[in-house]
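These are my comments on the model you sent, set out as numbered points. They take up aromatic pairs, enclosed and open space, and a few single residues.

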Amino acid sequence: VMGKVGINYQAAFNSGRVNIVAINDPFVDIVDTFQYDSTHSKFNSTVKAKNRKLAISGKPISIFQKQDSCNIKWGDACYGVESTEGFTTKEKAKAHLKGGTKRVIISAPSANAEDNPLKIISKGSCTTKCLVPLAMVIYDNSGTVKGLMTTAYAIAATHKTVDSPLEAAGAAQNIILASTGTTKAVHKAVPKLNGKLPGMAFSAPTNMSVMELTCPWEKAAKYGDIKKVVKQALEGPFKGILGYSGDQVVSCDFNSDTHNSTSDAGAGTSLNDHFVKLIFWYANEFGYSNPVIDLIIHVTSTE
């Protein structure tokens, strides 16, 4: 089910690791939405629609435009990816199970998604997927379990483009203090961080996102040594998940980047050998959709 993150089912098609069998979106022209994207440019394969089917490079995909998920017949779909943000609870997401899909992946935080035996799984937010792996690396090597997180994330589809007296200030003209449930979700993946990694978020008029993590470093270390720790992690257990850049980069350099997050080695700094600020960039759409595919592959491998 599409939504803005779901538009990047292009990531699924490009990966070659999963087969797309059906797409539902009641509000948009799926052909145009698939083929053209203001951020990620034109899709590099032929896209056509005929007889309620979407054909991508000749491969047929069923198209639905249903607002009630109970009315969708998912057919051979083993996994349904819910990306509208309208079905983030276990009760609502179960509608996709009634349609025939075997499991549901929610591409957003959920209060109660986990169901035994994991029929419904929350992938968390784009900020959560950025923070969790780098927090694991940092706290496994720093000897500390506390810190402060700040993120400036890109405008989302739910933000107003201009001022609205009933809603909020226009996102295209302002940096806006926003709420984030990221730090609450992190402890589910890293229990030792429960309540020890509070944070705040800003919505910024850009198409990529950045996060800074400020934390004490119990084991004395120079900033150069800390950079080496991060680089070793992405060359080992977090290969393909974390990225690393020593260049003078800006947000647009991470357009369509597939990593959960990328360390900006030159932007970080330290107060002394026990206090450090680290900077990470992430693509909150494309860099989220690819880990969703990774999650599907992982769950499949455990069955």
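1. F64 and W74 are both buried in this predicted model, and they make up one of the two aromatic pairs that the structure holds. The ring centres of F64 and W74 lie 6.0 Å apart and the ring planes stand at 75°, which is over the 60 degrees required, so the pair is classed as edge-to-face. The contact joins distant parts of the chain, since F64 belongs to strand 4 (residues 59-64) while W74 is in the loop between strand 4 and strand 5 (79-82), ten residues apart.

2. The rings of F254 and W281 form a pair with another geometry: their centres are 5.6 Å apart and their planes meet at 10°, under the limit of 30 degrees, so this pair is stacked. Here too the contact links distant parts of the chain, with F254 in the loop between strand 12 (242-245) and strand 13 (261-264) and W281 in strand 15 (residues 275-282), the two being 27 residues apart. Both F254 and W281 are buried.

3. The loop that carries F254 also holds S256, which is likewise placed between strand 12 and strand 13. The phi angle of S256 is near 65°, a positive value in a residue other than glycine, and a colleague checking backbone geometry may wish to look at S256 for that reason. With a relative accessibility of 29%, S256 falls between the 20% and 50% limits and therefore counts as partly exposed.

4. How many cavities of 30 Å³ or more does the count give? The count comes to one, and the space in the largest cavity is about 50 Å³. Its lining is made up of Y223, I226, K227, V230, Y244, S263, D264, A265, L278, I279 and F280, which divide into eight nonpolar residues, one polar and two charged. Helix 7 (223-235), strand 13 and strand 15 each contribute at least two residues to this lining, and helix 7 provides the largest share, with four.

5. Y223, one of the residues lining the largest cavity, is located in helix 7. The relative accessible area of Y223 is 15%, under the 20% cut-off, and Y223 is therefore buried. Although Y223 and T127 are 96 residues apart along the chain, it is also worth recording that their C-alpha atoms are separated by 24 Å.

6. Turning to open space, the second largest pocket contains about 790 Å³ and is lined by 27 residues, of which S122, K123, V132, A189 and L295 lie nearest its centre. The elements that give two or more residues to this lining are strand 7 (120-122), helix 5 (126-142), helix 6 (182-189) and helix 8 (286-302). By residue class, the lining of the second largest pocket consists of 14 nonpolar, seven polar and six charged residues. Domain 2 (69-123) and domain 3 (126-286) each supply at least three residues to the lining of the second largest pocket.

7. K123, which is among the residues nearest the centre of the second largest pocket, also takes part in a contact between a charge and a ring. The charged end of K123 sits over the ring of Y288, at 5.7 Å from the ring centre.

8. Is C126 buried or exposed? C126, which is found in helix 5, has a relative accessible area of 17%, and because this value is under 20% the residue counts as buried. The C-alpha atoms of C126 and F286 are separated by 9.6 Å, while the two residues are 160 residues apart along the chain.

9. Two further residues can be set beside C126 for their accessibility. D32 is in helix 3 (residues 30-35), and with a relative accessibility of 44% D32 counts as partly exposed; the C-alpha atoms of D32 and V47, 15 residues apart along the chain, are 8.6 Å from each other. K48 is in strand 2 (residues 47-50), and its relative accessible area of 59% is over the 50% limit, so K48 is exposed. Between K48 and G58, which are ten residues apart along the chain, the C-alpha separation is 8.5 Å.

Terms used. Residues are numbered from 1 along each chain as its sequence is written. This is a predicted model: local features need pLDDT of at least 70, side-chain atom pairs count only at pLDDT 80 or more; totals for chains, interfaces and linings use all residues. Side-chain values use heavy atoms; hydrogens and water are left out. On a 1 Å grid over the protein atoms alone, a cavity is a set of points where a 1.4 Å probe fits but cannot get out, and a pocket is an open set with protein on both sides within 12 Å along at least five of seven lines; lining residues have an atom within 4 Å of a point. Grid points are joined across faces, edges and corners, and a volume is the space filled by probe spheres set on the points. Ala, Val, Leu, Ile, Met, Phe, Trp, Tyr, Cys and Pro count as nonpolar, Asp, Glu, Lys and Arg as charged, and the others, Gly among them, as polar. Domain bounds come from an automatic or database domain assignment. Rings of Phe, Tyr and Trp (its six-membered ring) pair if their centres lie within 6.5 Å; planes under 30 degrees apart count as stacked, over 60 as edge-to-face and the rest as tilted. Buried means under 20% relative accessible area, exposed over 50%, partly exposed in between (1.4 Å probe, protein chains only). A charge sits over a ring if NZ of Lys or CZ of Arg is within 6 Å of the ring centre and within 35 degrees of the ring normal.
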